[in-house]
Amino acid sequence: MKRDKIYKGRLDKHMDELKWLYMELYNSQDMFDGLLEGMEGFYVERTERLRTLDASREEEPCWYRKSSMLGMMMYADHFAGSLKGVEGKLDYIEQCHVNYLHLMPLLDTPRGRSDGGYAVSDFRKVREDLGTMEDLEQLARDCHDRGISLCLDFVMNHTSEEHEWARRARAGEKEYQDRYFFFDSWTVPSMFEETVPQVFPTTAPGNFTYLPETGQHVMTTFYPYQWDLNYRNPVVFNEMMFNFLYLANRGVDVLRIDAVPYIWKELGTDCRNLPRVHTIVRMMRMIGEIVCPGILLLGEVVMEPEKVAPYFGTVEKPECHMLYNVTTMAAIWNTAATKDVRLLKSQMETVSSLPSTCTFLNYLRCHDDIGWGLDYPLLEKWGMRQVPHKKFLNDFFTGRIPESFSRGVLYNDDPVTGDARFCGTTASMCGVEKAGFCHDRQAMEEAVRLDTMLHAFMLFQSGIPVLYSGDEVAQVNDYTYKDNPEKAPDSRYIHRGDFQWELAERINEPETVQNRIFHNLEQLEAIRAGEPLLDAGCPFRTLETWDNSVLGMVRQGGRDGKLIGLFNFSGERRIAWIDERDGMYGDMVTGDLMEASGVSLPGYGFLWMKRQCG
């Protein structure tokens, strides 16, 4: 049959490398044969509809790198109650020009001990309050009918303590204990603790949890109820790959691999970013290309871009298709607070120097906190020392200092070290919440301009821009989480509040904040979608503006194609002292013609300028 020939061709292409890597890691022909048997089974199960989608994406492998891509991330329950509810809101999602929908963790988790859905107890079951696996499949089909790709989290590093494997391990079954890291005494765990950093030193100190019922210690890098999987065991790798393929066959287009750097553990190291991690991700990429080549791997790697880049692999041996641009997000808010673009400019120069095949997801806010993992050696050259600068940022964004326009709360505040992370929605960080509370029209005008400018910068970057649900209607912080005993200890719920549909109803009411921000973004999204120079593969560089409050960027492709982006992070009017005397430029928003020389920008203003032909 034709489909068997297609599968065999894909397998033959990768067979030598896949077997070499697998045998180097596990040295078990029986387990490798089991992997191949399972892969073929999932290929046979894959529907004709999904195979057709695979074929079209094989013909156009850069389909996800076009400027028309726009993402949105959301919790299904917070947005519309359930998967069926999300299905009923697809018209609104399309109205937002979204064609990449990331549903936050929705697989089965224990209530109250889920870490926001990242403690999975069953990789093949949807949380009952959200619906069923059949509901997920139907939503995926409806999304595909509308040209929307569906992204889902795949938590590879650990399972919930309530997962079947963990329950059987706790019951003393050695086979299942070997799927985790179990130790009969504190001797080996104490050796790990000497070199392995703590992820949550305040709320979940240490990397191991003692189980009194067995008298053993189990590795729990994140929280005590999340048990780290042992990828030294080929059973773990095979079964997790089968879970990955199961979700792909339900119609999921993008698998977000959670906590990628942590998935390989080795005594005497920090258990981060070890070489075997890349072996596992590379094998996962090949398995996907053999069984379901329409699928993308999105890696969650929280590091600066030059250290993230290895997770893309190489042109010959690719790993992740896409990675998060985490440090740029943090640098954006640092710039909003300091009104100094030098760090952000340096960040953009680093990103621009990476191979054009690198595809980043760019965003202003996400479901998580903001950690101030900035380039402090560089900041210190400009007089910004790490400890006091972190305190300044947290004081600024929580509104503790007079010049602040932001509101929000700290997360994992450590009174001993003074370190903390920050939580808040984009709108609240831009000043919409404070201005609304104070009924300050001028402050609200500035907040709307800042919010719009930051989104304009995000949309101008290379990669896929992703909105956090609610940002398009300027949704502010939700403090009601403090009244919920299950959520109160986790301040991240301040920006994970239920979507306020009454705000969406105001987007067509003239002069409302929702109307202005929604339509500002809508206009920019439409411009971006039709501009090839904003494709992910188009080269870009920074542009000297001779003003530390104004960031300049150039995107250029071919002989005549050239865009200039200027972004004023100051609330005051500034002049970008650029001198690009190579023709007239058109303002891509207003259509006005101008020279790219000595350009004036209002406070929190921006310009997208395109060189005119002829």
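Student: Which residue's side chain meets the side chain of R285 in a salt bridge?

Tutor: Keep in mind that this is a predicted model. R285 sits in helix α12 (residues 275-291), and its partner is four residues away in that helix, so about one helical turn separates the two. The N to O distance in the salt bridge is 2.8 Å, and the partner is E289.

Student: Is R285 buried or exposed?

Tutor: Look at its relative accessible area, which is 10%. Buried means under 20%. So R285 is buried.

Student: What about R400, which residue does it form a salt bridge with?

Tutor: R400 itself is exposed, with a relative accessible area of 55%. Its partner counts as buried, at 12% relative accessibility. The closest N and O atoms are 3.4 Å apart, and the partner of R400 is D395.

Student: And R492 and D490, how far is it from N to O in their salt bridge?

Tutor: Both of these residues are buried. Their side chains meet in a salt bridge, and the N to O distance is 2.9 Å.

Student: How many salt bridges does the structure hold?

Tutor: We've looked at a few pairs, including R285 with E289. There's also a network of salt bridges that links R541, K562, E580, D582 and R611. For the structure, the count is 49.

Student: Okay, on to surface patches! Which helix gives the most to the negative patch?

Tutor: The patch of negative charge on the surface gathers D4, D30, D33, E37 and E40. One of them, D33, is partly exposed, with a relative accessible area of 36%, and D33 has its place in helix α2. With four residues, the helix that gives the most is α2 (residues 29-45).

Student: Which residues make the nonpolar surface patch of about 380 Å²?

Tutor: Let's start with I575, whose place is in strand β21 (residues 574-587). I575 is partly exposed, with a relative accessible area of 30%. Together with two tryptophans it makes the patch, so to speak, as a trio: W546, I575 and W577.

Student: Which is the residue with a positive phi in the loop between β11 (254-257) and α12?

Tutor: Most residues other than glycine have a negative phi. This one has a positive phi of about 55 degrees although it is not a glycine. It is buried, with a relative accessible area of 2%. The residue in that loop is C271.

Student: Where does Y604 lie?

Tutor: Y604 also has a positive phi, of about 55 degrees, although it is not a glycine. At 5% relative accessibility, Y604 counts as buried. Its place is the loop between β22 (593-601) and β23 (606-611).

Student: What distance separates the C-alpha atoms of R113 and E162?

Tutor: R113 is found in the loop between β3 (107-108) and β4 (122-126), and at 37% relative accessibility it counts as partly exposed. Along the chain, R113 and E162 are 49 residues apart. In space, their C-alpha atoms are separated by 9.6 Å.

Student: Last one: how far apart do the C-alpha centres of domain 2 and domain 3 lie?

Tutor: The domain assignment gives domain 1 as 1-156 + 235-324. Domain 2 covers 158-228, and domain 3 covers 538-611. The C-alpha centres of domain 2 and domain 3 lie apart by 53 Å.

Methods
Residues numbered from 1 in each chain as written. Predicted model: local features only at pLDDT ≥ 70, side-chain atom pairs only at ≥ 80, totals over all residues. Heavy atoms only, no water. Patch = residues over 30% accessible without salt bridge, like charges linked within 9 Å, V, L, I, M, F, W, Y side chains within 5 Å. Areas by Shrake-Rupley, 256 points an atom, 1.4 Å probe, with all protein chains shown as cover. Salt bridge = Lys/Arg side-chain N within 4 Å of Asp/Glu carboxyl O. Lys, Arg positive; Asp, Glu negative; His and termini not counted. Charge placed at Lys NZ, Arg CZ, Asp CG, Glu CD. Buried < 20%, exposed > 50% of the residue type's maximum accessible area, 1.4 Å probe, protein only. Domains from an automatic or database assignment.
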